[in-house]
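Please open the model in a viewer and keep the sequence panel visible beside it. The tour below proposes selections in order and describes what each of them shows.

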Amino acid sequence: MKIVWQFALFSIVGLFSAIGHYGTLIGLRELVGIEPVTASLAGYLVGGTISYVLNYRFTFRSTKEHREALTKFLGVAAVGFVLNGVLMAAFTGPGKLHYLIAQILTTLVILLWSYSSNRYWTFRER
């Protein structure tokens with residue numbers, strides 16, 4: 001049951017991260033005219049910052065030193081960053097999807113990747 005509750009908290013934190021991510025994506029795309037993949041990657045950085053702070057404190061209630069937890073989190077986030085770029089490029093390029101639909105699909109994939117990686121590696125207590 002603990003894993004279900006933890007995944008629910010992770011998803012709630014994800015909503016706050018998504019607000020930062022999607023807000024940045026839409027603002028850069030619609031107001032500044034930056035192409036979708038680049039705008040999405042910028043949004044990923046904003047969302048990732050929110051995600052680390054909230055997941056460290058609330059989801060995983062980590063007692064790890066930030067130096068260790070943040071280093072691991074950045075590794076997981078780097079893989080997610082690459083996945084985000086590759087999937088967005090595939091979905092908006094050859095897939096011809098609207099950038100917001102593409103981002104939703106991409107977010108679902110990265111949600112599963114980041115939860116499992118952070119649960120079993122980044123914030124895992126010894």
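Select S40 and N84 and display their side chains: the two make a polar contact with each other at 2.8 Å. The model is a predicted one, and the distance of this pair is a computed value. S40 has its place in helix 2. Is S40 buried or exposed? With a relative accessible area of 0%, S40 is buried, because that value lies under the 20% limit for burial.

Next, select residues 36–59, which form helix 2. This helix has 24 residues, yet its end C-alpha atoms are only 30 Å apart. A straight helix would reach 34 Å at 1.5 Å a residue, so helix 2 falls short of that span.

Move to the start of helix 2 and add E35 and V37 to the selection. Here a side-chain oxygen of E35 reaches to within 3.1 Å of the backbone nitrogen of V37. Then go to the other side of the helix, where R61 follows helix 2. The phi of R61 is positive, near 45°.

Now add residues 2–32, which are helix 1, and view this helix together with helix 2. The two pack at an angle of about 150°, and their axes are 7 Å apart. Helix 1 and helix 2 are therefore roughly antiparallel to each other, since angles over 145 degrees count as such. The crossing in which helix 1 passes helix 2 is right-handed. Colouring the contact of helix 1 with helix 2 by residue class gives 14 nonpolar, 11 polar and 1 charged residues.

The following stop is M88, which is found in helix 3. M88 is buried, with a relative accessible area of 0%. Which distance separates the C-alpha atoms of M88 and P36? These atoms are 7.8 Å apart, although the two residues are 52 residues apart along the chain.

Finally, select residues 66–92 for helix 3 and residues 99–122 for helix 4. Their packing angle is about 155°, with axes 9 Å apart. Helix 3 and helix 4 are therefore roughly antiparallel to each other. Their crossing is right-handed. In the contact of helix 3 with helix 4, the residues comprise 15 nonpolar, 9 polar and 1 charged.

Conventions:
Residues are numbered from 1 along each chain as its sequence is written. This is a predicted model: local features need pLDDT of at least 70, side-chain atom pairs count only at pLDDT 80 or more; totals for chains, interfaces and linings use all residues. Side-chain values use heavy atoms; hydrogens and water are left out. Axes are lines fitted to C-alpha atoms, for helices over the stretch in contact, and angles run from 0 to 180 degrees between N-to-C directions. Helices (H or I, at least four residues) and strands (E, at least two) are DSSP runs, numbered from the N terminus. Angles under 35 degrees count as roughly parallel, over 145 as roughly antiparallel, 65 to 115 as roughly perpendicular and the rest as oblique. A crossing is left-handed if the near helix is turned anticlockwise from the far one by less than a right angle, and right-handed if clockwise. Ala, Val, Leu, Ile, Met, Phe, Trp, Tyr, Cys and Pro count as nonpolar, Asp, Glu, Lys and Arg as charged, and the others, Gly among them, as polar. A polar contact is a pair of N or O atoms within 3.5 Å; within protein, one must be able to donate a hydrogen and the other to accept it, and residues adjacent in sequence count only if both atoms are side-chain atoms. Buried means under 20% relative accessible area, exposed over 50%, partly exposed in between (1.4 Å probe, protein chains only).
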